[in-house]
Amino acid sequence: MKPVIALVGRPNVGKSTLFNRLTRSRDALVADLPGLTRDRHYGEGRVGERPFLVIDTGGFEPVAKEGILHQMAKQTKQAVAEADIVVFLVDGRQGLTPHDKTITDFLRKSGRPVILVVNKAEGMRYNAVVADFYELGLGEPAVISSAHGDGVNDLVDLALDTAFEKRPEDPEELEKVDRGVKIALVGRPNVGKSTLINTLVGEERVIAFDMPGTTRDSIEIPFEREGKKYTLIDTAGIRRRGKVFEAIEKFSVVKTLQSISEANVVVLMLDAQQDISEQDAHIAGFVLETGRALVIAVNKWDGLESWRRDEIKIDIDRKLDFLGFAKMHFISALKAQGIGPLMKSLDQAYAAAFADLSTPKLTRALIEAVEKQEPRRKGSIRPKLRYAHQGGMNPPVIVIHGNALDAIAEPYKRYLEKHFRETFNLVGTPLRIELRTGK
Ligand code: GDP
Ligand code: GDP
């Protein structure tokens with residue numbers, strides 16, 4: 001599991017600036033998707049070879065007794081409780097404030113490991129910046145500039161080292177096990193996740209429950225279907241009770257995020273008997289942001305009147321239109337209906353996410369697309385598309401090279417995406433098209 005770093009601190013110390021810096025590489029993927037409910041508080045980051053999840057607990061106000069601030073404080077508390085490491089930001093230009101002390105008390109009670117970080121320290125002398133903050137009793141502060149990036153990579157290394165000290169799992173041991181396709185089953189409480197797991201696992205042979213390395217309170221559920229291996233990864237909100245799995249009341253954003261980022265394919269479960277909620281849209285937003293392959297399972301399809309079926313379809317298309325790349329299945333976890341086709345789409349999404357696309361094939365497809373429909377001129381400039389190569393997997397990235405590609409408008413980019421999707425059967429995964437103009 002990727003370690004979770006929580007950014008904590010009073011308003012204006014620079015949390016979101018640091019958050020954006022840490023998660024920046026992901027933004028390009030989702031930047032141009034209209035209608036996406038994004039929660040810019042949760043993201044994936046990577047420094048060198050080390051991936052992690054980061055939470056910005058923006059607007060943290062530990063003293064509020066009610067209202068939205070109280071609500072946020074509750075979420076912050078849960079995020080802190082579930083984080084592997086807390087990065088506590090203070091403002092080096094402003095110096096120590098009473099709020100910093102309140103937050104320190106709260107963090108101390110949480111029992112989580114904390115790194116104190118003085119931000120906005122660019123151009124300042126170390127001793128001068130940190131002097132104020134020893135008083136907090138959190139040890140020697142790290143010093144960074146979120147805005148300029150100074151010290152940020154070192155901070156992440158320090159945070160991850162500290163997190164791993166607390167978690168003596170052996171990642172190599174974990175990697176030795178063949179898990180097949182790793183699936184995250186996500187959705188808000190009560191949509192039917194544990195029912196689906198019991199159906200999947202009950203119907204088919206369960207390989208083994210005791211996997212090495214699963215010592216934390218994570219659960220992994222390996223199973224086989226038609227000779228293929230799958231593993232449900234740390235499904236949030238599910239607990240094992242003897243041979244069956246049951247739901248736990250609490251919803252955990254951190255766990256949901258962790259299982260998504262660990263999985264190859266995400267199954268987003270929705271409840272056909274309820275309207276699509278804000279929470280559904282948020283979870284969908286996380287999936288999109290990580291770029292994972294996705295299948296949508298609309299559950300509790302049994303016993304629904306046909307008018308309701310039409311209604312929910314329209315609701316999904318309207319509120320989750322940014323998931324257009326994913327296949328949607330209407331299932332009943334309880335009655336084991338629609339499970340076969342769902343698993344087929346899951347296999348297909350997996351294959352698409354990890355598709356290996358050769359440069360000659362991509363270039364041929366590109367030329368074909370251009371022959372069918374050329375890009376428009378922009379003034380006197382005619383963009384020229386020359387060749388394409390694969391720039392990444394999971395999600396696939398197709399890099400197109402040529403001249404004057406800046407002049408290519410969004411609709412043509414979407415046309416190209418559609419053409420590549422159809423040519424290479426890329427269903428169920430986001431697909432990123434990058435245009436690179438040669439000099
Ligand atoms: P948050 O409320 O904790 O999320 O704080 P923000 O990230 O919104 O930053 C608050 C203000 O501090 C913004 O005007 C930022 O531009 C500024 N800021 C953030 N990091 C730095 C930094 O490293 N140096 C300086 N000088 N300003 C910064
Ligand atoms: P979880 O919180 O997402 O794990 O949801 P559960 O699996 O605990 O299901 C919540 C409730 O929905 C339970 O009462 C289930 O019996 C019910 N349920 C789950 N799947 C279906 C289904 O396909 N059809 C119907 N009618 N009810 C279902």
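Helix H7 (residues 193–203) contributes the most to the shell around ligand 2, with 3 residues. Helices (H or I, at least four residues) and strands (E, at least two) are DSSP runs, numbered from the N terminus. The structure is a predicted model, in which local features need pLDDT of at least 70 and side-chain atom pairs count only at pLDDT 80 or more, while totals for chains, interfaces and linings use all residues. Residues are numbered from 1 along each chain as its sequence is written, and chains are lettered from A and ligands numbered from 1 in the order in which they are written.

The surroundings of ligand 2 comprise 17 residues, of which Gly192, Lys193, Thr195, Ala247 and Leu334 come nearest. A residue is counted as near a molecule or strand if its C-beta atom, placed from the backbone, lies within 6 Å of it. By class, this shell has 5 nonpolar, 9 polar and 3 charged residues; Ala, Val, Leu, Ile, Met, Phe, Trp, Tyr, Cys and Pro count as nonpolar, Asp, Glu, Lys and Arg as charged, and the others, Gly among them, as polar. Around ligand 1 there are 15 residues, and Gly14, Lys15, Ser16, Thr17 and Ala147 come nearest. Helix H1 (residues 15–30) gives the most to the shell of ligand 1, with 3 residues. The classes in the ligand 1 shell are 3 nonpolar, 9 polar and 3 charged.

Strand E9 (residues 228–233) pairs with strand E7 (residues 181–186) in the parallel sense over 3 bridges, where pairing requires that DSSP finds at least two bridges between two strands. Lysine 182 has threonine 231 in E9 as its bridge partner. Strand E8 (residues 220–225) runs antiparallel to E9, and 6 bridges join them. Arginine 225 stands opposite lysine 228 in E9. The hairpin of E8 and E9 has 2 residues between the strands, and glutamate 226 takes a positive phi near 45° there.

A further sheet is open and consists of 3 strands in the order E15-E16-E17, with mixed pairing. Strands E15 (384–392) and E17 (432–437) stand at the edges with a single partner strand each, so one side of each is left without a neighbour in the sheet. On average, neighbouring strands of this sheet are turned by 25° against each other, direction ignored. Helix H12 (residues 359–372) packs on the sheet and touches E15 and E16, its direction making about 140° with that of E15. Axes are lines fitted to C-alpha atoms, for helices over the stretch in contact, and angles run from 0 to 180 degrees between N-to-C directions. Strand E16 (residues 397–403) runs parallel to E17, with 6 bridges joining the two. Valine 397 has arginine 432 in E17 as its bridge partner.

Helix H13 (residues 410–424) has 15 residues and reaches 21 Å from its first C-alpha to its last, close to the 21 Å expected at 1.5 Å a residue; the expected span is 1.5 Å times one less than the number of residues. Asparagine 425, just after H13, takes a positive phi of about 55°. Glutamate 422 is found in helix H13 and is exposed, with 12 other C-beta atoms within 10 Å. A residue is buried if 20 or more other C-beta atoms, placed from the backbone, lie within 10 Å of its own, exposed if 12 or fewer, and partly exposed in between. Buried residues make up 39% of the 439 residues in the protein.

Note on methods:
Contact = placed C-beta atoms within 7 Å.
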